[in-house]
Amino acid sequence: TSVFPSGRQSLVSDGLHARRSDAWDECFFKFDEFCRSWVLEFLPALVAGPLSILLEGRIAAANRQLVLTEVPLLVMDVIFKWGPFLSLGLFLTCDLPTVGVEDAVFPLVLLSFRASCLAMKYAYLPRAQLRVMASSSSWLEGGYWARILGTALHFNATGTLAFDLLQALCAAGERAGVVEVLADQSFQVGVLPARRVWDVVKEALVSMDDAELVKTRS
């Protein structure tokens, strides 16, 4: 006999199905999302921003950081995004005998490489996360974009590396079909390994101004 009421059992089942679907969805390449993201990341923000608003809505454009309102960001966009296009335009319209085709095209190749890297990350996002990006401002305000696109994973820029690794382990467990049985499993560690783990946790708690909890557990 199930320990859950029938309604709750259905919700639990739906939740497990949703998590498993997301875990597998991030393993599949989404060509349409790759193409859309490549175009938006390749074009200058002054062009890509309105295009993203037209295709996905203003929230998605803001979460992709294509709606630039600060002067320093606008200046950087002009230099790094408009520069390659201006260089190519000057090469095509002016007689520059000392400049070869490769010199004019190479900056666009680098820009395309950057766009491809970002588009590849978006292309492997689960559809559920893409919907969050298109509908919730917390994607940008909460630093979730850094966690998804890799900055946090490589440099722990948001301080959430441990949670991101746990999320990745959970997704791997969903794909392996072992999450449901983990609740019935247990393990033990020795005193010294447990102490080493607790020392790290204690330092983290102190940094979170939770000294009272540390004092009661030490």
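**Reading the helices, salt bridges and surface of a predicted model**

Q: How do helix α5 and helix α6 pack, and at what angle?
A: In this predicted model, helix α5 (residues 71–93) and helix α6 (residues 101–123) pack at an angle of about 155 degrees, and their axes are 9 Å apart.

Q: What makes the pair α5 and α6 count as roughly antiparallel?
A: An angle over 145 degrees counts as roughly antiparallel, and the angle between these two helices is about 155 degrees, so α5 and α6 are roughly antiparallel to each other. As for the hand of the crossing, α5 passes α6 in a left-handed way.

Q: Why are α2 and α6 called oblique to each other?
A: The helices α2 and α6 pack at an angle of about 140 degrees, with their axes 8 Å apart. Roughly antiparallel would need an angle over 145 degrees, and roughly perpendicular covers 65 to 115 degrees, with the rest counting as oblique apart from angles under 35 degrees; α2 and α6 are therefore oblique to each other. Their crossing is right-handed.

Q: How many helices and how many strands does the chain have?
A: The chain has 14 helices and zero strands, and the pattern read along the sequence is accordingly α-α-α-α-α-α-α-α-α-α-α-α-α-α. Of the 218 residues of the chain, 24% count as buried.

Q: What makes R36 and E56 a salt bridge?
A: The rule asks for a side-chain nitrogen of Lys or Arg within 4 Å of a carboxyl oxygen of Asp or Glu, and the closest N and O atoms of R36 and E56 are 3.3 Å apart, so the pair meets the rule. R36 lies in helix α2 (residues 31–42) and E56 in helix α3 (residues 45–56), so this salt bridge ties together parts that are 20 residues apart in sequence. By the same rule, the count comes to eight salt bridges.

Q: Which residues are linked with R36 in a network of salt bridges?
A: The network of salt bridges links E33, R36, E56 and R64. Within this group, E56 also forms a salt bridge with R64, where the closest N and O atoms are 2.9 Å apart.

Q: Why is R64 described as buried, whereas R36 is described as partly exposed?
A: Buried means under 20% relative accessible area, and partly exposed lies between that value and 50%. R64 has a relative accessibility of 4%, so it counts as buried, while R36, at 28%, counts as partly exposed.

Q: How do you know that R147 and D164 form a salt bridge?
A: The closest N and O atoms of R147 and D164 are 2.7 Å apart, which is within the 4 Å that the rule allows. The pair links distant parts of the chain, with R147 in helix α9 (residues 144–149) and D164 in helix α11 (residues 161–176), 17 residues apart. D164 has a relative accessible area of 7%, under the limit of 20%, and is therefore buried.

Q: What makes the phi of Q65 worth a remark?
A: Most residues other than glycine have a negative phi. In Q65, a residue other than glycine, phi is positive, near 60 degrees. Q65 is found in the loop between α4 (58–63) and α5, and, with a relative accessible area of 38%, Q65 is partly exposed.

Q: Why is F80 called exposed?
A: Exposed means over 50% relative accessible area, and F80, which is placed in helix α5, has 55%, so F80 is exposed. F80 also belongs to a nonpolar patch on the surface, formed together with V71, L73, V75, M76 and I79, and the patch has about 590 Å² of accessible area in total.

Q: Is A157 buried or exposed, and where is it placed?
A: A157 is placed in the loop between α10 (151–155) and α11, and its relative accessibility of 52% is over the limit of 50%, so A157 counts as exposed. The C-alpha atoms of A157 and G143 are separated by 9.1 Å, the two residues being 14 residues apart along the chain.

Q: How far apart are A134 and A60 in sequence and in space?
A: A134 and A60 are 74 residues apart in sequence, while their C-alpha atoms are 4.2 Å apart in space. A134 has its place in helix α7 (residues 127–135), and at 34% relative accessibility A134 counts as partly exposed.

Note on methods: Residues are numbered from 1 along each chain as its sequence is written. This is a predicted model: local features need pLDDT of at least 70, side-chain atom pairs count only at pLDDT 80 or more; totals for chains, interfaces and linings use all residues. Side-chain values use heavy atoms; hydrogens and water are left out. Patches are made of residues with over 30% relative accessible area and no salt bridge: like charges are joined within 9 Å, nonpolar side chains (Val, Leu, Ile, Met, Phe, Trp, Tyr) within 5 Å. Accessible areas come from the Shrake-Rupley method with a 1.4 Å probe; for residues, only the protein chains shown count as cover. Helices (H or I, at least four residues) and strands (E, at least two) are DSSP runs, numbered from the N terminus. Buried means under 20% relative accessible area, exposed over 50%, partly exposed in between (1.4 Å probe, protein chains only). Axes are lines fitted to C-alpha atoms, for helices over the stretch in contact, and angles run from 0 to 180 degrees between N-to-C directions. A crossing is left-handed if the near helix is turned anticlockwise from the far one by less than a right angle, and right-handed if clockwise.
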